[in-house]
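Work through the exercises below with the structure in view. Try each task before reading its solution.

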Amino acid sequence: MKVYTKTGDKGTTALFGGTRVPKHHIRIESYGTVDELNSYIGLIRDQEINVLYQEALIEIQDRLFTVGAILATDPDKAILKNGKERLNIPKITEADIEFLENEIDTMESYLPQMTHFVLPGGHTTVSYCHIARCVCRRAERLSVQLNESEPTDEFVLKYLNRLSDYLFVLARKLTFDLHAKEVKWIPRQDKE
């Protein structure tokens, strides 16, 4: 099978189920941004971090492939004529969201309480986490926008929301682990 099919040369692509849509369609933007997020998470996983975080990130990457597949499925063609679902893979569940929440709670138990916003940065790996968090928020915004016109799996929306929280806490925990400086954002005072 060749990588190039030439079917998208005129600016359209096929959803899972065969429906062709413009490459700028909100559904394509949604799962394309999830793909971008998955790549950034791979970049974090490739850093010299605790193997437990690497294992959690592999689990998250797996779940993001599922999120992408769900978003790439035409809702009008999600159910086959025989009544079975076209997408024959485990979906995002409450257990996937609880996994993120448990990881967040565990990491937070080691961290000082936040009293201010923090400036992204302090270490390259921490910065990668903040970039991934921002991409995750964009994927969430796009998926919410998609949901306004074509109902989307509620667990996809919850998962993306919780994942951005996870990535923020991971950034803070890696700041702690790497002995990087966490810079608080303290708004400047106007000089009168």
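A residue is called buried under 20% relative accessible area, exposed over 50%, and partly exposed in between (1.4 Å probe, protein chains only). The model is predicted, so local features need pLDDT of at least 70 and side-chain atom pairs count only at pLDDT 80 or more, while totals for chains, interfaces and linings use all residues. Residues are numbered from 1 along each chain as its sequence is written, and side-chain values use heavy atoms, with hydrogens and water left out.

**Exercise 1. Describe the protein chain as a whole.**

Solution.
- Step 1: Take the secondary structure, where helices (H or I, at least four residues) and strands (E, at least two) are DSSP runs numbered from the N terminus. The protein chain has five helices and two strands, in the order β-β-α-α-α-α-α from the N terminus.
- Step 2: Take the extent. Along the principal axes, the C-alpha atoms fill a box of roughly 60 × 45 × 35 Å.
- Step 3: Take the burial. The protein chain has 192 residues, and 39% of them count as buried.
- Step 4: Take the contacts, a contact being heavy atoms within 4.5 Å. Among contacts with a separation of 6 or more, 73% are between residues 24 or more positions apart.

**Exercise 2. Place Thr33 and His179, and state whether each is buried or exposed.**

Solution.
- Step 1: Thr33 is part of helix α1, residues 26-45. Its relative accessibility is 3%, so Thr33 is buried.
- Step 2: Beyond the neighbours within four places in sequence, Thr33 is in contact with Val135, Arg138, Ala139 and Leu142.
- Step 3: His179 sits in the segment after α5 (154-177). With a relative accessible area of 73%, His179 is exposed.
- Step 4: The phi angle of His179 is near 55°, which is a positive value in a residue other than glycine.

**Exercise 3. Find which parts the salt bridge between Arg162 and Glu101 ties together.**

Solution.
- Step 1: Apply the rule: a salt bridge is a side-chain nitrogen of Lys or Arg within 4 Å of a carboxyl oxygen of Asp or Glu. The count by this rule is twelve salt bridges.
- Step 2: Check the pair. Between Arg162 and Glu101 the N to O distance is 2.8 Å.
- Step 3: Locate both ends. Arg162 belongs to helix α5 and Glu101 to helix α3 (residues 94-108), so the salt bridge ties together parts 61 residues apart in sequence.
- Step 4: Add the accessibility. Glu101 is partly exposed at 28%.

**Exercise 4. Describe two salt bridges whose partners share a helix.**

Solution.
- Step 1: Glu140 and Arg137 form a salt bridge with an N to O distance of 2.9 Å. Both lie in helix α4 (residues 124-149), three residues apart, about one turn of the helix.
- Step 2: The relative accessible area of Glu140 is 14%, so this residue is buried. Arg137, at 29%, is partly exposed.
- Step 3: In the salt bridge of Asp177 with Lys173, the closest N and O atoms are 2.5 Å apart. Asp177 and Lys173 are four residues apart in helix α5, which means a separation of about one helical turn.
- Step 4: Asp177 is partly exposed at 29% relative accessibility, whereas Lys173 is buried with a relative accessible area of 7%.
- Step 5: Elsewhere, salt bridges that share partners join Asp62, Arg63 and Asp96 into one network.
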